[in-house]
Amino acid sequence: MSKYLVVVTDSGFPDLEQEKRILEPLGFTLATGQCKTAAEVAELCRDADAVLTQWAPVTAEAIEQFTRCKVIVRYGIGVDNVDLEAAKRKNIPVVNVPDYAVQEVADHTFSLMLAIVRKIPQVVQRVRDGIWEISPCRPIIGLQDKTIGVAGFGNIAKAVVHRAQAFGMKAIGYDPFVNEEVFARLGVEKVDWNTLLSRSDILAVHMPLTKETQHIFNENAFKTMKSTSFLVNTSRGGTIDNAALIAALQNGEIAGAALDVLEQEPIAPDSPLLKMDNSIVTSHCAWYSENSLLRLQEYAALEIKRLFSGEALLHVVNGVGK
C-alpha cells in the first residue's frame, strides 16, 4: 500500500522509469499529467506529497490549493515557471537540478560560438550550392588572443571558460554574487557590466532570469558592445530584448548572435532572426544528450528521496529549510 503520492505535472521524457525505480521502494505512487494551466496543476497536485514539474505553470493560485506538498522539484536549472514566494509562504522548499547537463550546455555554447564566428552554416550552404571557396564569407576572425566574456559565473560559465582557454582565448566575467578570488582561481578577470560589454569579442550569457536580468541585453547594451562582437545565449531567452537584438544585428552594432533560447518559444516562422546570415537559432536543446536526459530524471527524483529519508535537500532555491 502506498504511503505517498508524487505528481509529475508534465514532462517530455520517453518514460518515468527512473523516478519509479527511486521512489516506489519508499512507498510512492506516481500520478502524471501534461498540465498547461494553473487550474490543471492545482487539480492534479491538490493531494500530492511531492511535485515534479518541467514547464507547467506552478503559480501562486495553484500552490495555494496544495494540501500536503512537502517539496516542489523543477526538472532543470531555471525555475521561472514556479512561484517561489508562494511556495515559501506555505513552507514548501523549491528545488532545481543545476548539475545534470553542465558539460552539454557548455559544449553547445562553444559549438554555437564556433559556428557563428567561423560562419559554418553559410559556408556549408555555399558548398551545397556548388560554390567552392578557400576563403569564403570574409571576414572570418581567429579565436587566438580574443576575449570571451561571460555574463554570470556559475558552473556552466566556468566550463565554457575552460574550453575557451584551451583555444588560447582571454577570459573576463561579470557576476555580482561571486567574489573576485573565485574568478582569479580560474584565470578570469572580474569586471563590471559596462566593461564586460565593451571588451568582449564573444559574450556568452549564463544568467538566470530575474527582475534584474530581464532584458539586461537591451538597446543600450548592444550600443556598448563592439561592432565586431558576437553574442551567444544558452541560458534564458528573457535576458535579451529580442527587438533590440534584431535591430542591433540589422544595423551592424554587433557582428552576430547565436541563440538556443528565446523569450517566446518556439520562434515565429517569420522572425528576422531566421533570415539573417549573422544569426543562428537552435531549439532550446543545449541541455540534451541521452545521458543528461537520464541524469535529469534521476537527480530530480533523488531530491524527493532525500527529503522523505530525512536527509538534507541539495539545491533549494527559495530558502525554505536551509
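Student: Why does Lys223 count as partly exposed?

Tutor: This is a predicted model. In it, Lys223 has 48% relative accessibility. Buried means under 20% and exposed means over 50%. The value for Lys223 falls in between, so the residue is partly exposed.

Student: What makes the pair Glu253 and Lys223 a salt bridge?

Tutor: Their closest N and O atoms are 3.0 Å apart. The cut-off is 4 Å, so the pair qualifies.

Student: Which parts of the chain does that pair link?

Tutor: Distant ones: Glu253 sits in the loop between helix H11 (242-250) and E11, and Lys223 in helix H10. They are 30 residues apart.

Student: How do you know that Lys226 and Asp201 form a salt bridge?

Tutor: The N to O distance is 2.8 Å. The limit is 4 Å, therefore this is a salt bridge.

Student: Where do Lys226 and Asp201 lie?

Tutor: Lys226 is in the loop between helix H10 (219-224) and strand E10 (230-233). Asp201 is in the loop between helix H9 (193-199) and strand E9 (202-205). The two are 25 residues apart.

Student: Is Asp201 buried or exposed?

Tutor: Buried, because its relative accessible area is 9% and the bound is under 20%. Its partner Lys226 is partly exposed at 29%.

Student: Why is the contact of Glu17 with Lys20 called a salt bridge?

Tutor: The closest N and O atoms are 3.8 Å apart. The rule asks for within 4 Å, so the pair counts. Both residues lie in helix H1, three residues apart, about one turn of the helix. Glu17 is partly exposed at 46%, and Lys20 is partly exposed at 31%. By this rule the count comes to 11 salt bridges.

Student: Why has Asp10 no salt bridge?

Tutor: The nearest side chain of opposite charge, Lys36, is 6.5 Å away. A salt bridge needs 4 Å or less, so Lys36 does not qualify. Asp10 is buried in the loop between strand E1 (4-8) and helix H1 (17-23).

Student: What makes the Asp10 and Thr53 pair a polar contact?

Tutor: The side chains come to 3.5 Å. The limit is within 3.5 Å, so the pair counts. The Asp10 side chain also reaches the backbone nitrogen of Gln54 at 3.2 Å.

Student: Why do you say that E11 and E12 pair?

Tutor: Strand E11 (residues 256-259) and E12 share three bridges, in the parallel sense. At least two are needed, so they pair. Ala258 has Ile280 in E12 as its bridge partner.

Methods. Residues numbered from 1 in each chain as written. Predicted model: local features only at pLDDT ≥ 70, side-chain atom pairs only at ≥ 80, totals over all residues. Heavy atoms only, no water. Helix = DSSP H or I, 4+ residues; strand = E, 2+ residues; numbered from the N terminus. Buried < 20%, exposed > 50% of the residue type's maximum accessible area, 1.4 Å probe, protein only. Lys, Arg positive; Asp, Glu negative; His and termini not counted. Polar contact = N/O pair within 3.5 Å; in protein donor to acceptor, adjacent residues only side chain to side chain.
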